[in-house]
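User: I am new to reading protein models and would like to learn how to go from a picture to careful statements. Could we take it one feature at a time?

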Amino acid sequence: MSAVMWAGTPLAADTYAAVRRTTILRCGKWDPQFEDLSVLCEFPIVLRRSEWQRIAALAEQLAAETLAAECELVRRPELHPRLGLPRAVRRALRRAAASAPEDGPRVMRFDFHLTTAGWRITEVNSDVPGGFIEASGFAREVAVCYPSLRLAGDPAAAYADAWERRLGPGALVVLAHATAYTDDRQVMVYLSKQLEARGLRSCLASPADLVWRAGRAAVQTAWHTGEAAGVLRFFPAEWLPNLPRRCGWEHFFHSSRIPLSNPATALLTQSKRFPLVWPQLQTPLPRWRNLLPETVAPNQRQTEAWDDWVFKPALGRVGEDVAIRGVTGEDQWKRIRRAIRWSSGDWIAQRRFEAAAVTGPQGPVFPQVGVYTVDGAAVGIYGRLARRPLIDCWSQDVAILIEE
Amino acid sequence: MTKEELFDIWAPEDAVWSAWVKPVLFAQQTITRTEMSSSEEWLTADAHWAPRAHDKTALVVDLPGTQSLLTGLALAARGYRPVPLYNACSGVSAAVPMEPILELIARAAPYLAGRFLPNNAPPAFLLDAKRWHGTMTPLPGSFDNRWLVFPQDFPSANFLRSHAVQSVLLVQPQAGQPQSDLAHVLLRWQQAGVPLHVVTPAPGAAPQPLQVQRPSMFRWAWHRVLASFGLRRNSAGGFGAIVPMPSSSSG
C-alpha cells in the first residue's frame, strides 16, 4: 500500500451495477463504455487526507500563478506565436489587451500524477475542463458505498455556486457547446441542472446561436430567445474560428461585457507550450516550475533519444497523440515524429517521469488526480485511472475519495 | 414505467451486449405509456431474410429512423437481442428527429420484455441511417444533433469471437458499401478475420459477401477527434448559424 494513496475494495457486482445505472440515468453519464472497456472503475482510489490538503494547496497556488501569467500574456502579444495557437486565434487575442473579456467564474483543473519523485503536474485544463459528471455525480454514488471515506468536494456544485454569486437568481446562463457532440452535451445538461437548482435559468445552445451587440449576447434559437446574463463555454477556444465570423465568436476573446466562463484568453495557458514563454514572463511561477517536468520545444535530438521525453501536441486534449516510448505503438510514433518534423511549433517535448503505480485488484494502476479550482479555491477531484502510465481514451473514470 | 425500468428491459444487467446500449435516449425518457395493441407495427415486420439466431451471426442494422428499431423488434422475435446505439439527444427543431424513436422504445418495451431473450442471444446493433444527414437542413437557431458512430461504440472483434459470433451481417437499404463512419467499424472486424455480409431487408433477399473498402483516415488515432471536427467544419462550424448540409462524411 502506498503511503499516499491506494486502491479501495472493489464494489460487489450488484452494487457496482446499481452505481453504474444511477450514474448513467440520474447523473447523465451517456458514454459509460469504450469498446470493450467499462469506463466507470469498480473500485475507488483512496487518498490520504494530508495529501489531499497538500495538493489542494498546490492547486490553489498554481491557479493564482496561472491567472497572473494569463494577465501578462494578454498584454504580451509578441509571445503568442510561440504558444502554437492558430493564426485566427492570435489575431483575436491581439485585441484582448485593449479590451479584455469580462471574467465569469474561473474554473481550472490541474492534473496531478504521483511519481517516484513526488507529485508532478503535466498540464492545466484552463480553457474548458470537463469531468464534472464523474467528479461530482459518479464519485458521490461511489462514496455512499464507503462510509469511512468522503468526497474531496463537489466541483459542479462549487461552479454553480460561483455563477449564483456572480449573477443572482433568475439570470440566464447560456451553456455554449458543440450541440451535436453527445459527450459534451451530457456535461452541459448536468451543469444546467445545477444552475437551475440555484434559481438561475439556463439555455443549452451552440456558440453560433449567440448574437453579440455592444459586448452583450442574446441567444436566438427555436427553443429560447433572450438576453444572456453570462455564458458558460464548453467549446474549445481554438475551435471558435471554425464558426462564421458573423456570429461574433471573437467576443469570447475580447470586448464582452457579460461574464464569460472561461474567457477564451484562457487558451494562453492551456497551450502545452506555455512553459516555453516562462523565461520572457515577469510573472513569478515558482509552483509551476517546481511541479511541471522540464518542457522544451522538440528538436531532432529529442526525437532520437526519446526514451527520456514525452511528446505532446500543443493543443492536444484527452491524451490523444501523446508519444511515450514503450507505450506508444511504433507506427503511431513514426507518424507523430513525422508531424513533429513538419510542424515542430505545434508540439512540445516534456521530460519523462516515472509514475508511481498503485496496486489495484488486478495489477498495477496509474491514477491521475485532477484537482479543480473555482475562482482560485480547490473544490474537488476528477480521477482517471490507466493500466499503463498514460492517461488517454483507454483510461477509466475513478472516484478518488479521502480517508477520514 | 420509469426510465430505469425501461433501461433494464433494453439493457438487462446480465445480457452480454447490454454494456453497448447507448443510454442517452433512455435518460431523456418521459414517456410512460406501456400498453400494447395488436396493431403495433413491429408485429407485422418481416425479418425472414435474417439468419437463424443460433447461426452465430451478429447483425448491424443501419436503416433510417424508426425502421431500424422496428427491424430490431422483428429480429427479437427471431431470437436476436436488439442493442440500440442511437447516440443523439432529442430536442425542438432537431436536425435528426429522435422523438419517434424515443416513443417507440417506450411503447415496445413490454413486447421486448415478453420475448424472454436469453442473456447470450446474438446482438442486432441498431443505428439510424440518417444520423449524419438528418431529415432536414439545419437552419440558424435549430438544434444540430447529427451524430456519427465510431469503433469505440462497438465491441472488438476479439469480444465478438469470444462470445461465439463468427460473422457479421450488415442490414442497410441498398447493396454496396456501408456508410463511411460505419466502414471504420466494419473494416476493423474484417481485418481481424470476421467475415462480413450485407443484405437489404426485403422478402426473399439473401445475404451477400461484403468486402469493406478502406475509408479515409482508417486507423488514424485522431479519427474520432477529426470526425467530430469534420462534423463542425462541414456544417461551416454552424451549429445553428449558417449551416449548409455537410458535403460528405468525414470518416
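Analyst: Let us begin with a term: helices and strands are DSSP runs, of at least four residues for a helix and at least two for a strand, and they are numbered from the N terminus. Please keep in mind that this is a predicted model. With that term in hand, B:Pro203 can be placed in the loop between strand 5 (196-199) and strand 6 (208-209) of chain B.

User: Is B:Pro203 buried or exposed?

Analyst: The general idea is to count neighbours, and a residue is called exposed if 12 or fewer other C-beta atoms lie within 10 Å of its own. B:Pro203 has 7 C-beta neighbours inside 10 Å, and therefore it counts as exposed. Apart from neighbours within four places in sequence, B:Pro203 is in contact with B:Asp46 and B:His48.

User: How far apart in space are B:Pro203 and B:Pro215?

Analyst: Their C-alpha atoms lie 31 Å apart, while 12 residues separate B:Pro203 and B:Pro215 in sequence.

User: What pattern does chain B follow along the sequence?

Analyst: Chain B has seven helices and six strands, and their order, read along the sequence, is α-α-β-α-β-α-β-α-β-α-β-β-α. Of the 251 residues in chain B, 49% are buried. If we take the contacts in chain B with a separation of 6 or more, 80% of them join residues 24 or more positions apart.

User: How many residues does each chain bring to the contact between chain B and chain A?

Analyst: Chain B brings 42 residues and chain A brings 34 residues. On the side of chain B that touches chain A, helix 7 of chain B gives the most, with five residues, and the residues of that side divide into 23 nonpolar, 12 polar and seven charged.

User: How should I read the two faces of a strand, taking strand 10 of chain A as the case?

Analyst: In a regular strand, side chains alternate between the two faces of the sheet. In strand 10 (residues 210-213) of chain A, the covered face holds A:Leu210 and A:Trp212, whereas A:Val211 and A:Arg213 are on the uncovered one. Strand 10 of chain A runs antiparallel to strand 11 (residues 216-220) of chain A, and four bridges join them; within this pairing, A:Val211 stands opposite A:Ala218. The hairpin of these strands has two residues between them, and there A:Ala214 takes a positive phi near 50°.

User: What is the order of the open sheet of three strands in chain A?

Analyst: The order is 15-17-16, with antiparallel pairing. Strand 15 (295-296) and strand 16 (309-313) of chain A are the edge strands, since each pairs on one side only. Five bridges pair strand 16 of chain A with strand 17 (residues 347-351) of chain A, and A:Lys312 stands opposite A:Ile348 in strand 17.

User: Which residues touch the most other members of the largest nonpolar core?

Analyst: As a general idea, nonpolar side chains tend to be buried together in soluble globular proteins. Here the largest nonpolar core has 198 residues, and those that touch the most other members are A:Val173, A:Val174, A:Leu175, A:Leu191, B:Leu59 and B:Phe125. Helix 2 (residues 49-74) of chain A supplies the largest share of this core, eight residues. Domain 1 (5-271 + 368-403) and domain 2 (294-350) of chain A each contribute at least three residues to this core.

User: Where do the centres of those two domains of chain A lie relative to each other?

Analyst: Taken over C-alpha atoms, the centres of domain 1 and domain 2 of chain A are separated by 26 Å.

Methods:
Residues numbered from 1 in each chain as written. Chains lettered and ligands numbered in written order. Predicted model: local features only at pLDDT ≥ 70, side-chain atom pairs only at ≥ 80, totals over all residues. Domains from an automatic or database assignment. Buried ≥ 20, exposed ≤ 12 C-beta atoms within 10 Å, placed from the backbone. Contact = placed C-beta atoms within 7 Å. Nonpolar A, V, L, I, M, F, W, Y, C, P; charged D, E, K, R; others polar. Pairing = 2+ DSSP bridges. Core = buried A, V, L, I, M, F, W, Y, C linked by C-beta atoms within 7 Å.
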